[in-house]
Amino acid sequence: METSFKKHRNFSVHPTLKITYISRIACGIIGSVLCCIPLYYLRVEFIAQKIIGVFIFWLCWPHIAYRLAKKNRDYKKVERKNILIDAAAAGFCLGLIALNPWPGLAGTLIVHGNSIMIGGMRLLIKTIPCFIAGLLIKFLILGIEINLEPFLESTVVSAVAITAYTLLLSTVSYTQTQKR
């Protein structure tokens, strides 16, 4: 009798993958909105291309990451790599929104919270350099822009994102403690 959740080619999906998949989709939608509000107010060059790029990445990436992890026998290893990509993309987006404080805080909290949820402090230590690398890549490619002025809409959406993410983590924690 095999105790692994993967028995043959047709295997069930591990709960961790389901949680990160749902979290990544929700965070992608909220993150796209968080990224686009400051872009709109900052009146940056090529705003349409940047907004479309943000939405395409954050709406496609969750499905790609899920498929990559689902197809691999060592789903944890793949999911840890996916989290590193999440961190680099979030760092790039933080640079894209000119380090705007509230969306930056929400995105940073969510990305690093996911890394702790999946791999603990060890993975967090690996995600921080990826996050910084994403930020530096944005600065190298598109230049340095800094605007620390908070916008009402992005502040409200950031508060909703932080609250929703906290509730998601609480739900996951509760679910895990109820399993025997």
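Glutamate 79 has a relative accessibility of just 2% in this predicted model, so the residue counts as buried, given that the cut-off for that label is under 20%. Its partner is arginine 24: the two form a salt bridge, with the closest N and O atoms 2.7 Å apart. In sequence this is a long reach, as the pair links distant parts of the chain, 55 residues apart. Glutamate 79 belongs to helix α3, which covers residues 75-96, while arginine 24 sits in helix α1, covering residues 15-42. Arginine 24 comes out at 4% relative accessibility, and therefore counts as buried too.

Arginine 24 also has a second partner. A salt bridge ties arginine 24 to aspartate 86, and here the closest N and O atoms are 2.9 Å apart. Again, distant parts of the chain are linked: arginine 24 is in helix α1 and aspartate 86 is in helix α3, with their positions 62 residues apart in the numbering. Both residues of this pair, arginine 24 and aspartate 86, are buried. As for why such pairs turn up at all, side chains of opposite charge can pair when their charged atoms come close.

The structure holds three salt bridges, and one of them joins lysine 138 to glutamate 145, with 3.0 Å between the closest N and O atoms. The two ends of this bridge get different labels, because lysine 138 has a relative accessible area of 0% and is buried, whereas glutamate 145, at 24%, counts as partly exposed. Shared partners, meanwhile, join Arg24, Glu79 and Asp86 into one salt-bridge network.

Back in helix α1, tyrosine 21 is worth a look. Its relative accessibility is 22%, so tyrosine 21 counts as partly exposed. Setting aside neighbours within four places in sequence, tyrosine 21 makes contact with Pro62, His63 and Tyr66. Cysteine 93 is another story: tyrosine 21 and cysteine 93 are 72 residues apart in sequence, and their C-alpha atoms are 20 Å apart in space.

Helix α4 is the next stop, starting with asparagine 114. At 9% relative accessibility, asparagine 114 falls under the 20% cut-off and so counts as buried. Once residues up to four places away in sequence are left out, asparagine 114 touches Ser23, Ile83 and Tyr165.

Then there is the surface. Lys76, Arg80, Arg122 and Lys126 form a positive patch there. Helices α3 and α4 each supply at least two residues of this patch, with α4 running over 101-142. One of the patch members, lysine 126, lies in helix α4. Lysine 126 has 52% relative accessibility, and because the cut-off for exposed is over 50%, lysine 126 earns that label.

A nonpolar patch is found on the surface as well, made up of Ile137, Leu140, Ile141 and Leu142. Together, these four have about 430 Å² of accessible area. Isoleucine 141, from this patch, has its place in helix α4. With a relative accessible area of 59%, isoleucine 141 is exposed. Helix α4 therefore holds residues with opposite labels: asparagine 114 is buried, while isoleucine 141 is exposed.

Methods. Residues numbered from 1 in each chain as written. Predicted model: local features only at pLDDT ≥ 70, side-chain atom pairs only at ≥ 80, totals over all residues. Heavy atoms only, no water. Salt bridge = Lys/Arg side-chain N within 4 Å of Asp/Glu carboxyl O. Helix = DSSP H or I, 4+ residues; strand = E, 2+ residues; numbered from the N terminus. Buried < 20%, exposed > 50% of the residue type's maximum accessible area, 1.4 Å probe, protein only. Contact = heavy atoms within 4.5 Å. Patch = residues over 30% accessible without salt bridge, like charges linked within 9 Å, V, L, I, M, F, W, Y side chains within 5 Å. Areas by Shrake-Rupley, 256 points an atom, 1.4 Å probe, with all protein chains shown as cover. Lys, Arg positive; Asp, Glu negative; His and termini not counted. Charge placed at Lys NZ, Arg CZ, Asp CG, Glu CD.
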